[in-house]
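This briefing is addressed to a bench biochemist. Please keep the sequence and the structure in view while reading.

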Amino acid sequence: MSNEEFRAAMSRLAAGVVLVSAHDPEDGPRGEDAGMTATAFVSVSLDPPLVMVSVRTGSRMDDVLTDRPLWAVSLLGEDQRDIAGRFAMSGRLSDSLLFASLPHTRGEFTGAPLIEGGLGAVECRTEQRVQAGDHTLLIGRVLSAALPAAEGGPLVYYRGRYRHLGR
């Protein structure tokens with residue numbers, strides 16, 4: 001099986017789109033925010049409340065989360081495709097500049113940016129890191145969960161494109 005065959009097969013699995021974020025208070029005079037778009041995010045356990053996200057090993061987010069165990073996830077709505085696209089771009093100069101132009105609040109437990117207008121948000125503390133091929137799986141204990149009064153459906157990734165549920 002080739003990488004292309006595997007990628008094509010996996011593209012047929014619809015996935016919700018999230019923005020994973022963290023704040024590193026030791027990077028620069030006021031700290032530095034980091035963010036990445038992810039589709040590999042799942043609930044793992046109800047008791048205790050655990051989630052898992054997959055990050056590319058050696059990526060900026062992997063580096064930040066190696067040193068910083070606190071992070072957050074904003075569940076993106078169908079009208080937030082532009083946010084997903086911005087944080088999915090490789091080679092971008094500054095995540096802080098991207099966050100500066102987005103309405104967000106800071107997580108009470110993590111200090112991480114939480115995107116306004118999303119369908120929900122969770123704040124997490126890394127419990128376990130698992131190396132899996134070219135990715136690192138982060139299993140996080142959920143410290144808080146928020147359900148804003150957002151309208152609309154989730155942003156979905158299917159067959160290599162962002163889509164709306166049911167379309």
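The points below cover a sheet, a helix that lies across it, an aromatic pair and one residue of a strand.

This is a predicted model, in which local features need pLDDT of at least 70 and side-chain atom pairs count only at pLDDT 80 or more, while totals for chains, interfaces and linings use all residues. Residues are numbered from 1 along each chain as its sequence is written, and side-chain values use heavy atoms, with hydrogens and water left out.

**The sheet**

- Three strands, in the order β1-β11-β12, make up an open sheet with antiparallel pairing; helices (H or I, at least four residues) and strands (E, at least two) are DSSP runs numbered from the N terminus, and two strands pair if DSSP finds at least two bridges between them.
- β1 (15-16) and β12 (161-164) are the edge strands; each has a single partner strand, so one side of each is left without a neighbour in the sheet.
- β1 pairs with β11 (residues 155-158) in the antiparallel sense over 2 bridges, and A15 stands opposite Y157 of β11.
- β11 is joined to β12 by 4 bridges, again in antiparallel fashion, with Y157 opposite Y162 of β12.
- The hairpin formed by β11 and β12 has 2 residues between the strands, and R159 in the turn has a positive phi of about 55°.
- In general, strands of a sheet pair through backbone hydrogen bonds, either parallel or antiparallel.

**Helix α3 and the aromatic pair**

- Helix α3 (residues 81-88) lies across β11 and β12 and runs at about 160° to β12; axes are lines fitted to C-alpha atoms, for helices over the stretch in contact (heavy atoms within 4.5 Å), and angles run from 0 to 180 degrees between N-to-C directions.
- The structure holds 2 aromatic pairs, counted where ring centres of Phe, Tyr or Trp (its six-membered ring) lie within 6.5 Å.
- One of them joins F87 and F99 in a tilted arrangement, at 4.8 Å centre to centre and 45° between the planes; planes under 30 degrees apart count as stacked, over 60 as edge-to-face and the rest as tilted.
- This pair links distant parts of the chain, as F87 belongs to helix α3 and F99 to helix α4 (residues 95-100), 12 residues apart.
- F87 is buried at 2% relative accessibility, and F99 is buried at 1%; buried means under 20% relative accessible area, exposed over 50% and partly exposed in between (1.4 Å probe, protein chains only).

**Q128**

- Q128 lies in strand β9 (residues 120-132) and is partly exposed, with a relative accessible area of 42%.
- Not counting residues up to four places away in sequence, Q128 touches L137, L138 and I139.
- Q128 and P148 are separated by 20 residues in sequence and by 28 Å in space, C-alpha to C-alpha.
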